[in-house]
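This report describes the sheets, helices and cores of one protein chain. Please consult the sequence and the structure shown below while reading.

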Amino acid sequence: MSGLAKYLLEEGHEVSGSDIEDSKYVDALRKLGAKIYIGHDSANVPEDAVIIKSTAIRDSNPELIRAKELGLKIYHRSDLLKEIAESAQKQGMCFIGFSGTHGKTTTSGMASYVLDKAGLNPSFVDGGIVPEIHTNAQHKCGKYFVAELDESDGTITKYSPDILVINNLEEDHIDYYKNGLSDLIKTFEVAVSKAKKVIVNRDNYGNGLLKANFVTFGLKDADYTAENIKYAQSETSFDVHYMGSKLLSVSISLGGVHNVYNTLAVIAGLNETGVRISGLLSYFKTFTGMGRRFQKVGELKGIQIYDDYAHHPTEIKATLDSSAQKFGKEHVVAVFQPHRYTRLKALWNEFKQSFENADRVIVTDVYAASEDVIVGINGKNFASELAGAEYLSGSIEEVGKKLLPTLKSGDVVIGLGAGTITNLGKALLNASGEMMCK
């Protein structure tokens with residue numbers, strides 16, 4: 001939502017809105033001229049506004065109720081992104097959309113970053129903060145419009161991108177996709193029918209269920225392949241082959257095979273638009289990853305603290321694989337905050353298989369988002385079924401206070417989840433009296 005608001009502000013629109021608490025995103029919007037209220041209240045709604053809401057906003061929200069009383073037009077955030085994308089296409093921009101269960105924030109951010117650093121002035125709306133550019137959205141006059149296209153609520157069917165890149169499809173968002181993967185595939189069948197060109201990860205099982213001929217990427221038997229992959233502590237390098245012939249060699253500063261796939265997705269997506277990839281190569285190496293993707297947030301007394309948005313079993317496994325590769329399994333302390341009761345319930349057994357590359361696992365209470373409690377589905381019960389796991393109750397601030405005395409120099413603490421676990425680094429540093437890393 002903050003990215004969409006920023007984009008509108010840069011286009012010259014008047015923007016107001018509300019959030020439940022202040023944040024760096026709110027502050028950034030205020031500096032651009034937005035009027036932001038803290039707390040939801042019917043008095044916040046202008047009488048002549050067009051209302052944009054996200055799926056997380058319930059019908060009982062006082063501002064939504066007031067908007068309906070005033071007879072105002074109410075749109076979902078996806079409707080606004082659709083209009084922005086269509087406007088960009090009318091201006092001659094190539095609309096490149098990145099989607100899938102995992103990696104869409106990293107791939108859309110990486111594409112935005114390399115295009116911007118190469119001086120191609122892309123417009124974009126991504127799901128995270130792009131490094132060095134320090135924003136999740138921008139409106140510029142280049143030839144490319146990049147966007148992260150969310151699949152969680154089915155709204156991906158609204159877009160008609162010139163290039164649609166699908167990283168992977170797995171069972172998730174059970175609150176919306178009641179029949180799991182089969183419902184997700186039906187949604188993506190509609191999405192791919194509306195795209196001019198579709199690029200998919202051939203190695204992913206879910207993608208293989210889509211019925212169409214696509215441009216493909218993967219580790220073998222695909223149009224774009226990664227060969228001679230070499231992992232080092234500070235970089236990963238590999239050759240990219242296209243249709244069996246070497247296209248280029250690339251180095252990235254990110255670890256893990258999932259980031260090989262992410263980079264392949266971006267190279268394939270941009271190459272299919274006709275952009276000269278050789279002019280972008282150096283920027284793949286300087287891309288340090290999106291905010292909340294294995295992001296170092298602090299260090300104290302020899303303890304390194306990282307924050308990661310991973311909230312699905314596959315994402316957690318990928319993050320811990322990368323951390324073990326970088327630091328060694330014996331040093332990794334994973335602090336997992338389950339995100340949504342429906343996800344924890346549906347993927348309970350899959351989550352239990354995701355922590356093998358952590359030496360120690362801490363489980364907190366569930367972050368409910370907008371969901372109601374499901375009896376028996378909680379952090380304590382999950383920890384009791386995960387061999388060797390520990391359960392710490394309370395707020396993340398309280399978790400930090402309880403965890404800190406048990407840590408030792410050399411530990412690498414990784415907060416995992418899409419909720420308030422992002423504050424774990426701050427909680428640990430506050431408990432120790434240390435200052436946060438900038």
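## The ten-stranded sheet

Strand 6 and strand 8 are paired in the parallel sense over three bridges. Here two strands count as paired if DSSP finds at least two bridges between them, and elements are DSSP runs numbered from the N terminus, with helices being H or I runs of at least four residues and strands being E runs of at least two. The model is a predicted one, in which local features need pLDDT of at least 70 and side-chain atom pairs count only at pLDDT 80 or more, while totals for chains, interfaces and linings use all residues. Residues are numbered from 1 along each chain as its sequence is written, and side-chain values use heavy atoms, with hydrogens and water left out.

Within this pair, Phe 124 has Val 146 of strand 8 as its bridge partner. Helix 4 packs on the sheet and touches strand 5 (94–99), strand 6 and strand 8. The direction of helix 4 makes about 160 degrees with that of strand 8; axes are lines fitted to C-alpha atoms, for helices over the stretch in contact, and angles run from 0 to 180 degrees between N-to-C directions.

The open sheet has 10 strands in the order 7-6-8-5-9-10-11-12-13-14, with mixed pairing. Its edge strands are strand 7 and strand 14 (245–252), each of which pairs on one side only. From one strand to the next, the twist averages 20 degrees.

Gln 233 is placed in the loop between strand 12 (224–231) and strand 13 (236–242). Gln 233 counts as exposed because its relative accessibility is 58%; buried means under 20% relative accessible area, exposed over 50%, and partly exposed in between, with a 1.4 Å probe and protein chains only.

## Helix 1

Helix 1 (residues 2–10) is largely enclosed by the rest of the structure, because seven of its nine residues are buried. These are Gly 3, Leu 4, Ala 5, Lys 6, Tyr 7, Leu 8 and Leu 9. Their cover includes helix 2 (24–31), helix 4 (77–90), strand 6 (123–130), strand 7 (135–138) and strand 8 (144–148). Just after helix 1, Gly 12 adopts a positive phi of about 100 degrees.

## The six-stranded sheet

A further open sheet consists of six strands in the order 15-16-20-17-18-19, and its pairing is mixed. Strand 15 (295–300) and strand 19 (390–391) are the edge strands, each pairing on one side only.

Strand 17 (residues 332–336) is mostly covered, with five of its five residues buried. In a regular strand the side chains alternate between the two faces of the sheet. In strand 17 both faces are covered: Val 332, Ala 334 and Phe 336 lie on one side and Val 333 and Val 335 on the other. The pairings of strand 17 are listed below.

| Partner of strand 17 | Bridges | Sense | One residue pair |
|---|---|---|---|
| Strand 20 (residues 412–416) | five bridges | parallel | Val 333 with Val 413 |
| Strand 18 (residues 360–363) | four bridges | parallel | Val 335 with Ile 362 |

In addition, Phe 336 stands opposite Val 363 in strand 18.

Helix 14 (residues 424–432) lies across strand 15, strand 16 (303–308), strand 17 and strand 20, and runs at about 10 degrees to strand 15. The axes of helix 13 (residues 396–403) and helix 14 come within 8 Å and cross at roughly 50 degrees. That angle makes helix 13 oblique to helix 14, given that angles under 35 degrees count as roughly parallel, over 145 as roughly antiparallel, 65 to 115 as roughly perpendicular and the rest as oblique. Residues in the contact (heavy atoms within 4.5 Å) include Ile 396 and Leu 403 of helix 13 and Leu 424 and Ala 431 of helix 14.

Pro 313 lies in helix 9 (residues 313–327) and is buried, with a relative accessible area of 6%. Not counting residues up to four places away in sequence, Pro 313 touches Leu 347, Glu 350, Phe 351 and Ser 354.

## Nonpolar cores

A nonpolar core is a set of buried Ala, Val, Leu, Ile, Met, Phe, Trp, Tyr and Cys residues joined through side-chain atoms within 4.5 Å. In the largest one, of 40 residues, Phe 217, Val 240, Val 250, Leu 270, Leu 280 and Phe 284 touch the most other members. Helix 7 (residues 257–273) gives the most to this core, with eight residues. Apart from it lies another core, of 39 residues, among them Met 93, Leu 164, Tyr 177 and Val 198.
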